[in-house]
Amino acid sequence: MARTANDSWDIATSVGATAVMVALARAVETASDTPLIRDEFAELLVSTPELAGVREQVSAWWAGDPDDDPADGSPDANHMVDYQAVRTHFFDAYFTEAAASGIRQVVLLAAGLDSRAYRLDWPAGVTVYEIDLPKVLEYKTETLASHGATPTANRRPVPVDLRDDWPQALRDNGFDAGQPTAWLAEGLLPFLPAAAQEAMFASIDALSGPGSRVAVENFGVDGDKRREAEQRWQELRAKRAARGLDTSFSPFDLWFDDDGRPDCGDWFAAHGWAVRTVNARDEAARLGREAHAEDRPFANSFVTAIKG
Ligand code: SAM
């Protein structure tokens with residue numbers, strides 16, 4: 001199903017299921033022999049009965065076609081788990097530095113199943129605002145509460161669509177634009193229309209006092225590799241459909257591929273922020289996770305910036 005202007009979802013459908021996919025990668029990484037990151041909540045979050053269908057579809061994609069030679073390995077699983085580990089590691093470090101700089105207000109834009117409000121070692125007095133659609137946040141809150149998990153910061157869910165007036169919703173939940181803030185947009189940009197992305201950057205800037213920080217996962221697509229990955233996915237889907245298996249999760253249909261997106265580093269630099277851009281492949285190499293980096297269909301970067 002292609003995206004529409006006012007579409008909505010819960011955790012098991014459409015864009016909501018992408019949050020399950022990346023949390024599953026964190027769960028796999030956490031359970032590995034030498035994990036780069038530890039997200040003890042990821043497995044709890046992806047192992048409920050209502051997510052069994054999405055999990056099965058993502059796992060089947062990562063495992064590859066059963067008809068393929070197993071010696072070929074599973075490029076998609078390796079890409080995804082390594083990449084998610086690197087990106088989580090990078091943005092965890094971003095928050096550690098932001099907190100060390102004295103920031104006590106954090107906003108996770110499109111929080112999904114991000115468990116940082118429960119798992120990072122926040123200093124006293126930190127408030128973490130989590131923006132996402134109502135059913136996504138409800139699922140996370142209820143699932144973690146049912147396991148007795150308690151946040152390590154003052155966690156405030158802000159159920160709102162980032163295409164709507166989210167700054168007002170944030171203020172209504174206690175956000176104080178007079179205080180420096182650390183923002184994060186991780187795994188988000190392609191799911192927003194270009195106009196909503198531009199409006200979001202403008203709102204971040206307007207709501208940020210001096211000393212505020214922002215971190216954004218910037219998506220660059222390698223056209224040929226994305227087409228190859230999509231083709232593998234479509235072939236697998238066709239076989240699954242022929243076997244009568246669930247094919248409802250379709251990650252390649254969920255991006256807004258509209259034009260008019262300025263480079264986010266350039267955008268923040270033009271608005272007076274001091275920008276640093278880290279190439280995700282370089283970061284993967286730095287962390288010893290370069291093995292599959294060249295094969296990934298995306299040439300992403302991690303952009304961080306500080307407001308002067
Ligand atoms: N940031 C989380 C992480 O890295 O684990 C989740 C990333 S997941 C790939 C994408 C998330 O973006 C989903 O939780 C989805 O609900 C959220 N999202 C996408 N578009 C949104 C919108 N317009 N308003 C609010 N949330 C949105």
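In this predicted model, a polar side-chain atom of D161 is placed 2.8 Å from a nitrogen atom of the ligand. The protein covers 98% of the 580 Å² of accessible area that the ligand has on its own. Two further polar atoms of the protein can be located beside the ligand. A polar backbone atom of A110 lies 2.8 Å from a ligand nitrogen, and an oxygen atom of the ligand is 2.9 Å from a polar side-chain atom of R26.

The site itself may be considered next. The ligand takes up the space of the largest cavity, and 22 residues surround the ligand. The closest of these residues are R87, A110, D132, L162 and E186. By character, the shell around the ligand comprises 13 nonpolar, three polar and six charged residues. Helix α1, which spans residues 14–30, gives the most to this shell, with five residues.

Two of the closest residues, R87 and E186, also meet each other: their side chains form a salt bridge, with an N to O distance of 3.3 Å. This pair joins distant parts of the chain, the two residues being 99 residues apart. R87 belongs to helix α4 (residues 75–100), whereas E186 is found in the loop between β4 (181–185) and α8 (194–206). In total, the structure holds 22 salt bridges, the R87 and E186 pair being one of the salt bridges.

How values were computed
Residues numbered from 1 in each chain as written. Predicted model: local features only at pLDDT ≥ 70, side-chain atom pairs only at ≥ 80, totals over all residues. Heavy atoms only, no water. Near = heavy atom within 4 Å. Polar contact = N/O pair within 3.5 Å; in protein donor to acceptor, adjacent residues only side chain to side chain. Areas by Shrake-Rupley, 256 points an atom, 1.4 Å probe, with all protein chains shown as cover. 1 Å grid on protein atoms, 1.4 Å probe; cavity = no way out; pocket = protein on both sides within 12 Å on 5 of 7 lines; lining within 4 Å. Sits in = over half its atoms within 2 Å of the grid points. Helix = DSSP H or I, 4+ residues; strand = E, 2+ residues; numbered from the N terminus. Nonpolar A, V, L, I, M, F, W, Y, C, P; charged D, E, K, R; others polar. Salt bridge = Lys/Arg side-chain N within 4 Å of Asp/Glu carboxyl O.
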